[in-house]
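Got the viewer open? Load the model, switch on cartoon view, and keep the selection box handy for a short tour.

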Amino acid sequence: MIKRKIEIAVISDVHLGTYGCHAKHLLTYLNSIAPKKLILNGDIIDIWQFSKRYFPKPHLKVIKKIMSMAANGVEVIYVTGNHDEMLRKFSNTTIGNISIVDKAVLDLDGKKAWFFHGDVFDISIQNAKWLAKLGGYGYDLLTLLNKMVNWYLEKRGKERFSLSKKVKNGVKGAVKYINDYEKVIAEIAIENGYDYVICGHIHQPKMTYVETKQGSTTYLNSGDWVENFTALEYQFKRWKIYNFNNDKLAPFIVHDDFAEMEVKDLIAAITIVGQG
């Protein structure tokens with residue numbers, strides 16, 4: 001199995017445990033790379049909407065794959081987000097090659113990179129968490145409906161369609177919110193002397209150079225695995241946005257170890273990592 005070697009891979013907003021998560025796409029991607037560092041930039045497991053009734057095997061396989069990568073020497077940095085905020089109780093905890101943090105600052109070839117999820121700059125979440133959670137359920141319902149629509153379109157041989165993107169792009173308030181979010185984060189990064197600022201949260205993959213009177217930075221957003229299927233990759237002193245729909249190679253076969261997996265297997269994987 002040929003894997004692409006990269007310095008850093010960044011994924012966020014996977015939302016395991018929700019109908020919108022495309023775990024199989026993500027698993028294919030993770031099986032195609034050999035990173036030195038894997039940064040999980042928030043909202044990997046959707047604890048807000050977690051239900052015992054819905055956590056299918058592909059979702060468990062993603063967790064098992066991440067554990068396996070850590071057990072095999074990949075440094076995994078789990079940056080907490082708002083949908084997995086319960087993990088913030090364990091911030092600055094390290095188990096084997098896995099560390100849980102609220103933010104991370106790394107030196108990348110002499111440049112400072114600031115990683116965090118981004119919800120701390122979301123006023124709607126800070127001031128009305130209950131409303132944000134309600135909106136989360138609505139979004140999950142929309143993605144479930146979108147799945148059914150796309151199933152029908154694919155059967156007819158037509159192109160997939162994103163309802164959530166259509167809603168976001170059609171609402172002026174949503175467009176303004178995204179622009180304000182990116183502007184505020186870039187300005188704070190510049191004020192603090194960060195060459196790169198890497199976040200998630202708004203499900204909008206992007207890489208752009210921002211310059212103000214105070215200085216400059218590169219703003220990067222890893223997107224999501226609900227509608228965009230994107231990640232960020234750092235290699236040869238450069239960043240790129242990986243897009244599963246455009247950049248995917250031939251499908252990689254999931255190793256036999258992941259073919260059948262139960263909760264006991266997941267616990268065993270965690271134990272192995274802890275002993276590493």
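Is Arg88 buried, partly exposed or exposed? Select Arg88 and show the surface: with a relative accessible area of 27%, Arg88 is partly exposed. Bear in mind throughout that this is a predicted model.

**Stop 1: the salt bridge at Arg88**

Now add Asp119, which forms a salt bridge with Arg88; their closest N and O atoms are 2.9 Å apart. The two come from distant parts of the chain, 31 residues apart: Asp119 sits in the loop between strand S7 (111-116) and helix H3 (123-127), and Arg88 in the loop between S3 and strand S4 (93-95). Asp119 is buried, at a relative accessible area of 3%.

**Stop 2: two more salt bridges**

The structure holds six salt bridges, so there are others to look up under that definition. Pick Glu75 and Lys37, whose side chains meet at 3.5 Å, N to O. Glu75 is in strand S3 and Lys37 in strand S2, so this pair ties together parts 38 residues apart in sequence. Glu75 counts as partly exposed at 32% relative accessibility, and Lys37 is partly exposed as well, at 24%.

Next, select Lys206 and Glu182, another salt bridge, at 2.9 Å from N to O. Here strand S9 (residues 206-212) supplies Lys206 and helix H6 (residues 172-191) supplies Glu182, with 24 residues separating them in the chain. Lys206 is partly exposed at 30%, whereas Glu182 counts as buried at 9%.

**Stop 3: helix H1**

Hide those and go to H1, residues 23-30. Which of its residues are buried? Colour Ala23, Leu26, Leu27, Tyr29 and Leu30. Look down the axis of H1: these buried residues fall within an arc of 160 degrees, so they line one face of the helix. To see what covers them, turn on the neighbours, which include S1, S2, H2, S11 and S12.

Zoom in on Leu30 next. Leaving aside neighbours within four places in sequence, Leu30 is in contact with Leu38, Val62, Lys65, Ile66 and Met69.

**Stop 4: the nonpolar cores**

Leu30 also belongs to the largest nonpolar core, which has 33 residues. Try selecting those with the most contacts inside that core: Leu16, Tyr29, Leu30, Leu38 and Trp225. Elements that each supply at least two of the core residues include strand S1 (4-11), H1, strand S2 (33-41), helix H2 (57-71), strand S3 (75-79) and strand S5 (98-101). Which of the elements gives the largest share? That is H2, with seven residues.

Apart from this core lies another, of 17 residues; among them are Ile8, Leu108, Ala113 and Trp239.

**Stop 5: a hairpin**

Select residues 230-235 and 238-243, which are strands S11 and S12; they pair in the antiparallel sense over six bridges. Label Thr230 and you will find it opposite Asn243 in S12. The two strands form a hairpin with two residues between them, and Phe236 in the turn has a positive phi of about 55 degrees.

**Last stop: colour by confidence**

Finally, colour by pLDDT. The mean for the protein is 80, and 67% of its residues reach 70 or more. Residues 250-261 have a pLDDT below 50; beyond near neighbours in sequence, that stretch has 21 contacts in the model. Residues 266-276 are also below 50, with 16 contacts counted in that way. Where pLDDT is low, the predicted coordinates should not be read in detail.

Note on methods: Residues numbered from 1 in each chain as written. Heavy atoms only, no water. Core = buried A, V, L, I, M, F, W, Y, C linked by side-chain atoms within 4.5 Å. Buried < 20%, exposed > 50% of the residue type's maximum accessible area, 1.4 Å probe, protein only. Helix = DSSP H or I, 4+ residues; strand = E, 2+ residues; numbered from the N terminus. Contact = heavy atoms within 4.5 Å. Pairing = 2+ DSSP bridges. pLDDT = per-residue confidence, 0-100. Arc of directions from axis to C-beta. Salt bridge = Lys/Arg side-chain N within 4 Å of Asp/Glu carboxyl O.
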